[in-house]
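Biologist: I've got a model open and I'd like to learn how to read its strands and backbone oddities. Can you walk me through it?

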Amino acid sequence: MAKHDKQQMISPNLPAELKAALDARLVGVSRSDAAGRAARISESYRGGGNSGIVRSRADALAYALARMPATYAAVAASLNAVVEIKPDFTPQSLLDVGAGPGTATWAAAEVWPSLDRFASLDANAALRDLALELARDSSRLRAMAYRHGDAHATLANAEAADLVIASYVIGEMDEAGQRELATLLWRKTRDTLLVVEPGTPAGYARIIALREQLIAAGVHVAAPCPHDGRCPLRQPDWCHFTRRLPRSQAHKQVKGAGLPFEDEKFSYVALTHTPVARRPARLLAQPMVGKAEITAKLCSSNGLNLVRIPRRTKAAYARARRWRWGDAVPSEV
Ligand SMILES: C[S@@+](CC[C@H](N)C(=O)[O-])C[C@H]1O[C@@H](n2cnc3c(N)ncnc32)[C@H](O)[C@@H]1O
């Protein structure tokens with residue numbers, strides 16, 4: 001785990017310690033067996049199934065190998081946005097709900113050296129066991145408390161935490177379950193709640209429903225939105241972001257993929273008890289760089305704007321050339 005004493009933006013790649021812990025468990029594991037398991041798991045997801053299909057250690061390892069790099073990259077990007085908006089946030093406790101193999105816990109630990117109490121819960125025993133096995137190799141995560149059970153029941157007795165994360169979880173519940181979970185998650189949040197979902201129209205719809213439900217209960221949005229109002233996007237548009245991450249040899253084998261990278265699309269919302277001081281605009285797409293100007297799709301405090309930055313405004317144009325989809329940028333451009 002990184003040696004620093006202040007929160008920092010983190011890379012989308014799995015930390016070396018986690019990668020080593022995973023690699024150690026993969027020694028002697030047949031790649032074709034893992035590929036078959038990973039394919040069955042993702043087929044089940046595509047058919048509307050859930051992680052219940054992960055039943056054994058071999059399934060859990062195949063799931064981790066296939067999906068952990070991508071979900072880690074999505075959570076890392078979302079946490080980076082929180083660090084940028086709330087630079088003074090120094091959480092000590094984390095509650096990772098639907099933690100699976102512990103992906104979000106590893107990412108949060110990488111961002112905040114201040115975290116020293118790690119609690120997780122999940123309904124899947126095979127994923128819980130793998131998470132504890134991987135955490136054994138980390139001096140900080142070794143003491144992680146991990147409860148097994150349905151989140152709706154176990155959250156009631158969970159201790160509140162400064163930071164609560166539910167990553168790629170709420171899509172595994174029906175709408176009533178999602179609403180109930182949103183209330184429970186917020187009840188356990190002392191400062192910030194992060195919810196991440198796949199960057200599909202359906203994942204975005206779940207994020208927006210949870211966002212609206214909790215705003216109505218008095219919470220504030222820290223990221224990605226620069227406001228607590230209604231999302232200005234209308235169908236068929238949806239708010240999502242993307243991260244490109246390199247594929248390891250093992251990942252290519254397990255996914256049966258040729259390309260040396262994958263693009264993970266995700267939607268997220270970070271919610272807090274108190275309004276954030278700074279509310280920059282958010283880039284909702286990769287800006288288009290034309291000969292005469294750069295065109296950028298921005299969500300600002302006053303809604304959705306298509307902003308044009310002419311080449312003749314040299315300094316602004318140079319700044320805008322560095323903008324990337326998902327970045328927070330000054331709202332006065
Ligand atoms: C797609 S995995 C994501 C795991 C992890 N958060 C990540 O980002 O890699 C979804 C996880 O949510 C858990 N889950 C789904 N519904 C749950 C519920 N009602 N209670 C507890 N865990 C649940 C599953 O067991 C699974 O581990």
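Biologist: Which strand does β1 pair with, and in what sense?

Modeller: Two strands pair if DSSP finds at least two bridges between them. Here β1 (residues 93-97) pairs with β4 in the parallel sense, over 3 bridges; one bridge partner across them is I165 in β4, opposite D96. Strands (E, at least two residues) and helices (H or I, at least four) are DSSP runs, numbered from the N terminus. Mind you, this is a predicted model: local features need pLDDT of at least 70, side-chain atom pairs count only at pLDDT 80 or more, and totals for chains, interfaces and linings use all residues. Residues are numbered from 1 along each chain as its sequence is written.

Biologist: Which residue in β5 stands opposite A166?

Modeller: That's V195. β4 and β5 (residues 189-198) pair in the parallel sense over 6 bridges. With helix α7 (residues 175-187), they make a right-handed β-α-β unit: with the strands pointing away from the viewer, the path from the first strand over the helix to the second runs clockwise.

Biologist: Is β4 mostly covered or open?

Modeller: Buried means 20 or more other C-beta atoms within 10 Å of a residue's own, exposed 12 or fewer, partly exposed in between, with C-beta atoms placed from the backbone. In β4 (residues 161-167), 6 of its 7 residues are buried.

Biologist: What about the backbone oddities?

Modeller: Most residues other than glycine have a negative phi, and most peptide bonds are trans. Y168, in the loop between β4 and α7, has a positive phi of about 55 degrees. Y168 counts as buried because it has 23 C-beta neighbours inside 10 Å. The A223 to P224 bond is cis, with omega near 0 degrees.
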